[in-house]
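Got your viewer open? Let's take a walk through this one together, one selection after another.

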Amino acid sequence: MVALGFVSAAQAADMPVKAPMVIAPTWTGTYIGINGGYAGGTTNHTDLFGVTTNNFSTSGGLFGITSGINWQFGQWVLGFESDFDLANINGTFTSAALCSITGGTTCFTNLKNFSTDRLRAGVDLNGWLLFATGGFGYGQVNAGQNPCGVVPIFGGNSCNQKWRSGWVAGGGIEKMFAPHWSAKLEYLHYDFGNDIQYTPTIIGGGNSVHALERGDMVRVGLNYQFNLLSLFH
């Protein structure tokens, strides 16, 4: 019996050891995260008669949350991403002739909140995801002439805050740096058009002022990946 025990032990020692299963990193799954960055834009105020401030600049920061989902097919990655950011992308223009319907001298445009719903498509290069992205954008724009209020004598408002829709497009790079964690750097161009923003009135009829809102932003982000494959191992 002792001899058989030694033989069994020797045979066991000679048996190959099964290597632990290694799961390759994948982008497939859902994720949540945070983002922040800086934007610079272009705006102008133009009324129905063509009187305009001409273009002036806006700039400021933004910070918010991100969520999304990816599907990986070999090296290729397709996904959908949404985000919502608080922002303060503001610009002013001073003119006693053009920005004085309520007695002031300043026209302003401020993008206060920013949201997107976008498709993403990219290629995985050993944990680095190079991607392009595009879709719909939404912004809460506050624009008008200081001081805000009812226009004297003729009526109407010198300022207004409204949600406007448009499009966004850009690209970026994202890196898996730890299990479930990735960091990204992305660029987006946003365009909310030249919509009617506020409506002061004049003698003999109405007038509406269009405010242009478009620009470019760079954001960094940190995401936590809920890897679908890891749920089964």
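Start by selecting phenylalanine 192, which is buried at a relative accessible area of 3%. Before you go further, keep in mind that you're looking at a predicted model.

Now add tyrosine 190 to the selection. Like phenylalanine 192, tyrosine 190 is buried. The ring centres of tyrosine 190 and phenylalanine 192 are 5.7 Å apart with the planes at 35°, so this pair counts as tilted. A tilted pair falls between the two cut-offs: planes under 30 degrees apart would be stacked, and over 60 would be edge-to-face.

Who else is in the neighbourhood? Add phenylalanine 114, and you have the cluster that ring pairs make out of Phe114, Tyr190 and Phe192. Phenylalanine 114 is buried too, at 0% relative accessibility.

If you want to see every ring pair, there are six aromatic pairs to find in the whole structure. Take the one between phenylalanine 114 and phenylalanine 192: the centres are 6.0 Å apart and the planes sit at 55°, so here is another tilted pair. Colour the strands and you'll see phenylalanine 114 in strand β5 (residues 106-125) and phenylalanine 192 in strand β8 (residues 181-198), so the pair ties together parts that are 78 residues apart in sequence.

Next, select arginine 120 and phenylalanine 131. What sits over the ring of phenylalanine 131? Look for the charged end of arginine 120, 4.5 Å from the ring centre.

Time for the cysteines. How many disulfides does a search of the whole structure find? There are two disulfides. In general, a disulfide is a covalent bond between the sulfur atoms of two cysteines.

Select cysteine 99 and cysteine 107 to see one of them, with the sulfur atoms 2.1 Å apart. Turn the view to look along the S-S bond: the angle about this bond is -110°, and the link is left-handed. Are these two cysteines buried or exposed? Cysteine 99 is buried at 0% relative accessibility, and cysteine 107 is buried at 1%.

Then jump to cysteine 148 and cysteine 159, which are also joined by a disulfide, S to S 2.1 Å. This link is left-handed as well, with -90° about the S-S bond. Cysteine 148 is in the loop between β6 (128-146) and β7 (159-178), while cysteine 159 is in strand β7, and the two are eleven residues apart. Show the surface here: cysteine 148 is partly exposed at 45% relative accessibility, whereas cysteine 159 counts as buried at 13%. Counting bonded cysteines along the chain, the disulfides follow the pattern 1-2, 3-4.

One more residue to click on: threonine 58, in strand β3 (residues 56-73). Threonine 58 is buried, with a relative accessible area of 3%. Leaving out residues up to four places away in sequence, threonine 58 touches several others, including Ala39, Gly40, Gly41, Ile89, Asn90 and Thr109.

Finally, zoom out and switch to cartoon view. What is the pattern read along the sequence? It runs α-β-β-β-β-β-β-β-β-β-β-β, from one helix and eleven strands. Of the 233 residues, 42% count as buried. Among contacts with a separation of 6 or more, 68% are between residues 24 or more positions apart. Put the surface back on for a last look: the protein exposes about 12,200 Å², with carbon and sulfur atoms supplying 68% of that.

Definitions and conventions:
Residues are numbered from 1 along each chain as its sequence is written. This is a predicted model: local features need pLDDT of at least 70, side-chain atom pairs count only at pLDDT 80 or more; totals for chains, interfaces and linings use all residues. Side-chain values use heavy atoms; hydrogens and water are left out. Rings of Phe, Tyr and Trp (its six-membered ring) pair if their centres lie within 6.5 Å; planes under 30 degrees apart count as stacked, over 60 as edge-to-face and the rest as tilted. Helices (H or I, at least four residues) and strands (E, at least two) are DSSP runs, numbered from the N terminus. Buried means under 20% relative accessible area, exposed over 50%, partly exposed in between (1.4 Å probe, protein chains only). A charge sits over a ring if NZ of Lys or CZ of Arg is within 6 Å of the ring centre and within 35 degrees of the ring normal. A disulfide is a pair of cysteine sulfur atoms within 2.5 Å. Contact means heavy atoms within 4.5 Å. Accessible areas come from the Shrake-Rupley method with a 1.4 Å probe; for residues, only the protein chains shown count as cover.
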